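Subject: Structure handover

Hello,

The structure you asked about is below, with the sequence. My notes on it follow.

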Amino acid sequence: MATAPQHVTLASLNLQVSQWVDEVARLTQPDQIFWCDGSEAEFSMLERELVAEKELLPLNQASYPGCYLYRSHPSDVARVEHLTFVCTREKDDAGPNNHWMAPAEAHRKMDALFDGCMKGRTLYVVPYCMGPLDSPFSRCGVEITDSAYVVLNMKLMTRMGQAALERITRDGTFVKGLHSVGDLNPERRFIMHFPEELSIKSFGSGYGGNALLGKKCHALRIASWQARTEGWLAEHMLIVGIENPQGEIHYLACAFPSACGKTNLAMLIPPAQYKGWKVWTLGDDIAWLHAGKDGRLYAINPESGYFGVVPGTNAKTNKNAYDTIRTDTIFTNVALTADNLPWWEGLPDGTPVTDWQGRPYDPANGPAAQPNSRFTVAAKQNPAYSKLAEAPGGVPLSAIVFGGRRRTLAPLVYQARSWVHGVLLGAGVASETTAAATSAVGVLRRDPMAMKPFAGYNFADYWSHWINVGAKLKSPPQIFHVNWFRQDDSGKFLWPGFGDNLRVLRWIIDRCKGTAAARETAIGQLPNAKDLDVNGLEMAPGALDELLAVSPELWQAEFEGIAEYFAGFGERMPAALQAELTAALARVEAN
Ligand code: OXD
Ligand code: MN
């Protein structure tokens, strides 16, 4: 593997990095060390090598030029929350929301696994920058990995290579991420975070969220910790710009749990009736938020690519994504047609002949494409890529939107009465689990701010931090909660979703501008049916009323459930959030 000459000049650029690489090489004993410069030539060379080794399979190059299929180990297809740890000196700093291990014990355990694990393999050094290279908000890291597939993905997902190493040299600091696929044995798989040391150790998985350390491990778990110490927020949010026919653009950051439609919302195509409206994508998964000098909250996307869920993507649900992934894309765990085209559930055409494991397709074995199969692609390929996606200072937010996947209870949309009430809306998010993590699917669980799997510290401290950040903003974004996933008794979705979600975003923006009406309810402000534009929508009779109904009895039970959840955080809970919950409970009881 990696027969190209060593990049000696790159290694010598930064002593701090090269000393750490030497230390890791002594432990892991690779056959060779390869410093990634991030060039196109390097990318093509690694691609060619992986093809030669049959790890990457070229797809039909006439229809999908530059596209490849990668099949991960069948036991390694999703994030492993039960094997993911936050290793702080004090257990309480990790909080009840994280699995915890003492740092010394975690290092011992991981170093034993890493001992000699790269014998016969190449150690790749991947310097990367999360965020635009010239942004003061960006943060860098170096991932050491023995997987060339990881290197290719990191090239698509981050600003990777020489320019990042130069920035690390200027910054004088970086997050250390050590990764090995090991023997892919799930018994020897751990993802450990050491926020106090700004380091990560991941062993035994080649899957995206566990192995592309710039993404969840750095840009959320480590960054959320760093953000608290530095006064900003690292969030599991898409960033989108909505332009009206007058050319006015409002930016929104929206937090939804994994596989709940963040990529679709970030790339939304306006419905036919919305002539002159445009939607611009800035990010589809992660947002770093900073207070601006003008008292507004600004967002940057630390990533430069998309690692999106494939099943369900088609020209109707997400035409931008569908077009984006027609060239230069790595598909992981999709099925194949007889013509060597990628295939997944939700595509209207084509017939799978080979399933995601490379077996002849047989419906008795389950779906043809793995339900968490993914595409990795550079963000610049998106036809709706915003001109401001790489603005070093980010974009000012008009609104923050929280949401979950809930078939009952949560209305289509409602607005918080204040910032702290908005923090309660976020902290109260609950959602049905999806295939993005290895656990039962469809189980309702608390997922505050969609950060349950990603907050690198105690949620109670995190909510206090949210309250503090808001207190410093002169013009904070308005906060909303949405639910695209309400169902009727027969399990049919009440709201059409996808492009029509723009109708809800329009109300949200008009509320921010002060031009839309709302009714006051015990849970916040909701549109009256006439305040939402449903022109041209075919909805079942009564569906809109149901989507906008608030049942005091059900909400009382919900708030009691949230109170019980908060109780698990003990005395660290912020008093202001407790008071907001007590007031909300009193309001539903009074109704
Ligand atoms: C993701 C996830 O991959 O949230 O973005 O699981
Ligand atoms: Mn995500």
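I start with one strand residue and work outwards. Leaving aside its neighbours within four places in sequence, Val482 is in contact with Phe256, Val401, Phe402, Gly403, Gly404, Pro411, Leu412, Val413, Val504 and Ile508. Please keep in mind that this is a predicted model. Val482 belongs to strand β28. Its relative accessible area is 1%, which is under the 20% limit, so Val482 is buried. One of its contacts, Phe256, is 226 residues away along the chain, yet the two C-alpha atoms are separated by 9.4 Å.

Two other contacts of Val482 are Val504 and Ile508, and both are among the buried residues of helix α14. The others buried in that helix are Asn501, Leu502, Arg503, Leu505, Trp507 and Ile509. Helix α14 covers residues 501–513, 13 residues in total. From first C-alpha to last it reaches 19 Å, close to the 18 Å expected at 1.5 Å a residue. After the helix comes Gly514, with a positive phi near 80°.

On the other side of that helix in sequence, Phe498 sits in the loop between β28 (478–482) and α14. Phe498 is not a glycine but has a positive phi of about 50°. Most residues other than glycine have a negative phi. With a relative accessible area of 40%, Phe498 is partly exposed.

A second non-glycine residue with a positive phi is Lys54, at about 65°. Lys54 is in the loop that lies between α3 (40–52) and β2 (56–58). Its relative accessibility is 66%, over the 50% limit, so Lys54 counts as exposed.

Two helix residues are also worth a note. His218 is in α9, which runs over residues 214–230. Is His218 buried or exposed? At 0% relative accessibility, it counts as buried. Not counting residues up to four places away in sequence, His218 touches Tyr128, Met130, Arg139, Cys140, Gly141, Val175, Ile200, Leu213, Ala223, Gln226 and Trp288.

Leu27 is in helix α2, residues 15–28. At 23% relative accessibility, Leu27 counts as partly exposed. With residues up to four places away in sequence not counted, Leu27 touches Asp111, Phe114, Asp115 and Gly116. The C-alpha atom of Leu27 is separated by 8.3 Å from that of Cys117, which is 90 residues away along the chain.

As for the protein as a whole, its secondary structure comes to 17 helices and 30 strands. The radius of gyration is 23 Å, close to the 25 Å that the globule rule gives for 591 residues, so the protein is as compact as a globular protein of that length. The C-alpha trace spans about 70 × 55 × 45 Å along its principal axes.

Buried residues make up 61% of the 591. Of the contacts with a separation of 6 or more, 73% are between residues 24 or more positions apart. The exposed area of the protein is about 21,800 Å², and carbon and sulfur atoms supply 52% of it. On charge, there are 55 positive and 63 negative side chains, and the centres of the two sets lie 3 Å apart.

Regards

Notes:
Residues numbered from 1 in each chain as written. Chains lettered and ligands numbered in written order. Heavy atoms only, no water. Helix = DSSP H or I, 4+ residues; strand = E, 2+ residues; numbered from the N terminus. Expected span 1.5 Å × (residues − 1). Buried < 20%, exposed > 50% of the residue type's maximum accessible area, 1.4 Å probe, protein only. Rg over C-alpha atoms; globule rule 2.2 N^0.38 Å. Contact = heavy atoms within 4.5 Å. Areas by Shrake-Rupley, 256 points an atom, 1.4 Å probe, with all protein chains shown as cover. Lys, Arg positive; Asp, Glu negative; His and termini not counted. Charge placed at Lys NZ, Arg CZ, Asp CG, Glu CD.
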